[in-house]
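The exercises below are meant to be worked with the sequence and the model side by side. Try each task before reading its solution.

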Amino acid sequence: MSDAAVVLKDVSVTVHQQNQTKTILDDVDLTIAPGDFVTVLGTNGAGKSTLFNAIAGNLAASGQVTLAGQNVTSLNAIQRAKYIARVFQDPKLGTAGRMTVAENLVLAQHRGERRTLRGRRLEAARPQLQAEAAQFSNGLDQLLDSPTETLSGGQRQSLSLLMAVQKDPALLLLDEHTAALDPHTSAQLMALTDRVIKERHLTALMITHRMDDALKYGNRLIVLENGRLKADYNAAAKAKLKREDLLEFFD
Amino acid sequence: MSIIVSAIGQGLLWGILGIGLFLTFRVLDFPDMTVEGSFPLGAAVSVAAITHGVSPLLSLVLAFGAGMLAGLATGLLYTKGKVPVLLAGILVMTALYSINQHILGRANLSLLNQPNLFKNKFLASLPPYFDSIFVGIGAIIIIAILLMWFLQTNLGQAFIATGDNEIMAQSLGVHTDAMKNMGLMVANGLVGLSGALIAQNNGYADVNQGIGVIVIGLAAIIIGEVVFGELTLNQRLVATALGSILYRFVLLIVLGLGFGDDDLKLISAVVLAVMLMVPTVESRFRLKRALRKGIESQPAKEADGHE
């Protein structure tokens with residue numbers, strides 16, 4: 001059990017609104033093995049984003065969260081950044097708009113580290129950054145010195161993904177990271193995401209509303225409903241799953 | 001001629017205030033009202049220290065430190081106390097008014113018959129007003145080099161990212177509250193230094209010296225941006241210092257039109273307001289030009305279509 005990448009134990013999130021207590025996440029237990037690529041499905045309000053926020057430490061949750069063998073329950077979101085990298089749905093959220101592509105990438109190379117008065121060594125990192133950006137074949141490698149606010153949505157999300165994997169995080173959270181893109185760009189980014197995860201043997205959780213992506217990618221699929229784990233398919237079961245099987249969760 | 005030389009010198013000394021304000025207003029992206037208190041604080045600390053026998057140069061260090069403490073007070077109210085930053089700055093600024101009065105022991109303290117940086121043998125030997133140019137350029141070169149170096153370090157980059165996209169900075173493990181406190185401290189340290197230099201240059205410190213200085217600092221930043229356009233971050237630091245000098249020229253012109261010293265604050269506000277509106281007016285102007293072009297080219301296109 002201790003060699004699991006992620007262990008959630010009895011993780012619950014409740015909010016109080018106008019004298020009402022609402023449970024958004026209800027005693028979720030989840031163990032993810034290293035190298036697993038888990039796709040997360042669920043209707044709006046099923047608790048997918050809340051699950052991510054609870055793992056990343058962005059909101060108060062009860063229960064226990066263990067990442068890479070470390071109990072991180074008492075750590076806040078900033079401290080958990082050492083273990084977790086996240087790609088947001090909104091392309092604007094993932095990068096610093098007025099900083100250049102290269103600056104953003106170097107910033108991400110120090111994820112979770114103490115920021116010191118050492119030089120950022122941008123020029124030394126340039127050849128490697130260029131090569132990494134080139135694999136997206138969307139022109140990102142030609143834009144290393146452009147502010148990211150001038151990039152297209154697809155380029156920004158590619159950059160966010162590249163930033164997220166700069167330091168091989170213990171857990172990669174993909175929060176509908178292709179939802180804001182057109183179908184073509186989305187498919188391209190999905191394929192690259194899959195490749196990067198496999199190449200770097202990353203453990204990843206991906207929220208998606210595109211059922212085809214959920215079926216096509218990853219080696220495990222979970223379905224959330226009303227804050228609970230409704231279904232959990234391992235690689236073998238997932239391979240046999242069809243679109244119709246999943247539709248029943250969404251009526 | 002001497003009026004212009006004096007304006008350049010004043011512009012440079014006030015330029016330090018502009019650079020300090022740039023760190024909060026442009027890099028961290030919020031307006032910091034603390035400067036209206038930390039500016040006279042620096043002046044008061046410097047002048048009071050000199051009258052107590054501290055060397056003028058060392059008094060500048062004390063003024064910088066005092067400004068940093070003021071910035072820290074605002075920062076803690078903002079980051080730990082969750083007080084909105086505008087209000088936090090106003091609170092500290094108001095509190096400093098009393099503190100400055102205590103530091104000076106009265107409303108106005110003169111450096112008459114006291115040592116003063118500008119009475120230094122070498123500076124006193126320069127032609128009139130060139131002393132402030134010399135000190136101003138020296139200070140701005142040192143500050144700009146230090147800041148340019150700092151902004152290229154990993155810490156400096158995390159500082160910039162905090163102002164640019166706080167959520168992203170946090171997701172990369174940047175302690176954004178610490179970055180904001182650091183920025184407020186360094187910025188107000190510079191503002192205090194600027195206040196101290198101007199007090200020594202004037203030969204006195206006054207508790208009311210801070211009224212309206214935020215407008216002067218903002219004017220330096222905005223004029224630098226409007227005049228010099230798209231620049232890198234490093235260049236923008238220099239542009240702010242130059243903007244501060246240009247602002248002095250604008251004041252000279254306006255005063256030359258017959259306005260008195262009493263109108264200075266009104267003029268400051270009007271100058272800044274006009275500068276702030278320049279981008280809006282300009283974009284509207286371009287829009288008009290584009291519209292006209294569009295109308296003019298349309299008949300030609302239609303003619304093409306008919307052929």
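**Exercise 1. Locate B:K82 and state whether it is buried or exposed.**

Solution. Begin with the place: B:K82 lies in the loop between α3 (56-79) and α4 (85-104) of chain B, where helices (H or I, at least four residues) and strands (E, at least two) are DSSP runs, numbered from the N terminus. Next, count its surroundings: B:K82 has 8 other C-beta atoms within 10 Å and is therefore exposed, since a residue is called buried with 20 or more other C-beta atoms within 10 Å of its own, exposed with 12 or fewer, and partly exposed in between, the C-beta atoms being placed from the backbone. Finally, look at the backbone: phi of B:K82 is near 60°, a positive value in a residue other than glycine. Most residues other than glycine have a negative phi.

Before going on, note that this is a predicted model, in which local features need pLDDT of at least 70 and side-chain atom pairs count only at pLDDT 80 or more, while totals for chains, interfaces and linings use all residues. Residues are numbered from 1 along each chain as its sequence is written, and chains are lettered from A and ligands numbered from 1 in the order in which they are written.

**Exercise 2. Find where A:S137 lies, and explain why A:S137 counts as exposed.**

Solution. A:S137 is placed in the loop between α5 (122-134) and α6 of chain A. A:S137 counts as exposed because it has 11 C-beta neighbours inside 10 Å. Its phi, near 40°, is positive although the residue is not glycine.

**Exercise 3. Compare the expected span of helix α7 of chain A with the distance between its end C-alpha atoms, then name its buried residues.**

Solution. The expected span is 1.5 Å times one less than the number of residues, so the 17 residues of α7(A) (residues 183-199) should span 24 Å, which agrees with end C-alpha atoms 24 Å apart. The buried residues of α7(A) are A:S186, A:L189, A:M190, A:T193 and A:I197. They cover an arc of only 105° around the axis (taken from the directions from the helix axis to the C-beta atoms), so they lie on the same side of α7(A). On the other side of α7(A), the exposed residues are A:H184, A:A191, A:R195, A:K198 and A:E199. After α7(A) comes A:H201, whose phi is positive, near 50°.
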